[in-house]
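Here are a few exercises to work through with the structure open beside you. Try each task before you read the solution.

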Amino acid sequence: MEIRLEGIGHSYDGFEVMRDITLEIPAGRIVCIVGPSGCGKSTLLRIIGGLEQPARGRVLQIGEPPEGCLNPLTYIFQDFALLPWRSVYGNVSLVLEDHGIRGNEADEIIADVLARTKLSDFAKALPKQLSGGMKQRVAIARALAVNPAVLLMDEPLSALDSQTRELLMDDLVSLYERQPFTAVYVTHNLGEAVRLGHSIVVLSRRPGQIREVVHLDRPIQERTLGDPDLEIRQKHLWELMRAEAQAADAELMNA
Amino acid sequence: MPDATMNADAAGGRAVTFRGGGFAPRPQRWVAFVVFTVLIALAEWGTREGWISALTLPRPSDVLTAFRDLIQTGLLFDHLGPSLSRLAVGSAIGVVAGIMVGILIGLFSLVRSGLVPLVAALFPIPKIALLPLFVIWFGIGEGSKYALIAFGTFTPTVVATYGAVDNVDRTLIRMGQSFGLSWLSIVRKIVLPGAMPGILSGLRISLAIAIILLVAAEMLGAEYGIGAYILEAGSLYDLERLFAGVVILSLLGVFVSAAIGMVERKLLAWRT
């Protein structure tokens, strides 16, 4: 399944935050969206997944979601969004219960996704007992449980420290290696973008518009920390963003 | 201070003064017992020595005797039974209705706009003043007593519940929506458990109010009940029995509070 954005624009209280965004998210690819703060990248992600209605334009799903897909457009949130009163197991089963998946069938799915995210030993733990990285892995497991067609990741690693971020990036790469998925990955971290993105969409400051789309051809499993080629790409991205970020930083909120 | 500085300077440095700590009270079980014992011992001593007159305060040992009489004659349970059932039925009605209305106010704009002013108008009414009205509406029997207690617990429960629903983390609700959970599932599995801490702390207040109203409810048309017992003793100026009754109410309050504490520890174990 693919996603196509056609002329998306959005305003809050007559205040334009996003203008004319047209974009294709091809199946099996990770599209990173980067931009200065306040450029509306998180809003754009909410629009893609149907959590917010755009003022202009539309989001299209092209093709049918794969067989056995319970929730085609599935989010991974920055702050994990785990229910603190449910165990790791319970948090994953939450999203299966509404589809009538209980008992053995649920056990099987949950055991599988927890194994894929290296959480098998922690099924009974409560979120408060887990580190930030583990919490985000639970959120990833929960997303995998519904067998999504497209993963919508909203700064998934931004709440984590840099070591954990590296580890989790490796985890995401190995998940992709095992079974390529389609994803929109919003981040302000250019390092993450060049490591995980097949294409990187650079948004301008408010009102957010597409400034440039950078394509990286190297398979993501071959990209490593400190790769000189990636460094050059990252530098190029930073040059694109620098002036925008500076100007965005100097703007007054709601001025 | 200059002295200390001098000494420290001689040693080639000065220890940093500790200025953190505090602001984190921890439970110390025995302190409460000491406070109670000291107060009761003071009252006993004063009434025996005569610097507290018998009309000011009954002697604690006499109250104990009155209490023992209550138990031995079996009257205690004749009074406690009806009171507890009034408390249970009345507060159950009030609390359940309060939680339901509170959740509706928390979730629907129309209900909120319509009912919040109404609840604000009902809250400050002394419910005791409405007892005659309840007697006309629900009869002199148990009905008016249930109604008074239910009404008294309803308003604080509503206010606590909708405040708690307002405080449920919206990102969790968005998460539920993003996974396609049904409205009912979101309310049952996200809103209600998320609001539970606030609801339970509101319950402490509601149930204390229920105990207060118990005495009021038994003012009219009650032969048995702790409230009736206290009122009767009061009108006869029988201070020992009055205090025995008051002690029962206090103990009831302590038990209710401990019970809610147990429920909290069980239901809210997930909190950090």
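**Exercise 1.** This is a predicted model. Take helix α11 of chain B and work out which of its residues are buried, counting a residue as buried if 20 or more other C-beta atoms lie within 10 Å of its own.

*Solution.* Start with the list: E240(B), R241(B), L242(B), F243(B), A244(B), G245(B) and L252(B) pass the test in α11(B). Next, look for what covers them: α3 (60–72), α9 (183–217) and α10 (226–235) of chain B are included in that cover. Finally, check the helix itself. α11 of chain B runs over residues 239–267, 29 residues in total, and spans 42 Å from first to last C-alpha, close to the 42 Å expected at 1.5 Å a residue.

**Exercise 2.** Work out the strand order of the open 6-stranded sheet in chain A, and explain what is special about its edges.

*Solution.* Walk across the sheet and you get β5-β6-β7-β3-β8-β9, with mixed pairing. Now look at the ends: β5 (73–76) and β9 (210–215) of chain A each have a single partner strand, so one side of each has no neighbour in the sheet. As for twist, neighbouring strands are turned by 20 degrees against each other on average, ignoring direction.

Then zoom in on one pair. β3 (residues 30–34) and β8 (residues 199–203) of chain A run parallel and are joined by 4 bridges. In β8(A), V202(A) is the bridge partner of V34(A). Last, add the helix: α1 (residues 41–48) of chain A packs on the sheet and touches β3, β6 (150–154), β7 (182–186) and β8 of chain A. The direction of α1 makes about 150 degrees with that of β7(A).

**Exercise 3.** Split chain A into its domains and describe the side of domain 1 that touches domain 2.

*Solution.* Domain 1 covers 2–65 + 149–250, and domain 2 covers 84–147. Over C-alpha atoms, their centres are 26 Å apart. The contact draws 9 residues from domain 1 of chain A and 6 residues from domain 2 of chain A. On the domain 1 side, helix α5 (residues 162–178) of chain A gives the most, with 5 residues. Sorted by class, that side has 7 nonpolar, 1 polar and 1 charged.

**Exercise 4.** Which elements of chain A give two or more residues to the side that touches chain B?

*Solution.* First count the contact: 17 residues come from chain A and 16 residues from chain B. The elements you're after are β5 and α2 (88–97) of chain A. To finish, sort the chain A side by class: 11 nonpolar, 3 polar and 3 charged residues.

Conventions. Residues are numbered from 1 along each chain as its sequence is written. Chains are lettered from A and ligands numbered from 1 in the order in which they are written. This is a predicted model: local features need pLDDT of at least 70, side-chain atom pairs count only at pLDDT 80 or more; totals for chains, interfaces and linings use all residues. Domain bounds come from an automatic or database domain assignment. Two residues are in contact if their C-beta atoms, placed from the backbone, lie within 7 Å. Ala, Val, Leu, Ile, Met, Phe, Trp, Tyr, Cys and Pro count as nonpolar, Asp, Glu, Lys and Arg as charged, and the others, Gly among them, as polar. Two strands pair if DSSP finds at least two bridges between them. Axes are lines fitted to C-alpha atoms, for helices over the stretch in contact, and angles run from 0 to 180 degrees between N-to-C directions. The expected span of a helix is 1.5 Å times one less than its number of residues. A residue is buried if 20 or more other C-beta atoms lie within 10 Å of its own, exposed if 12 or fewer, and partly exposed in between; C-beta atoms are placed from the backbone.
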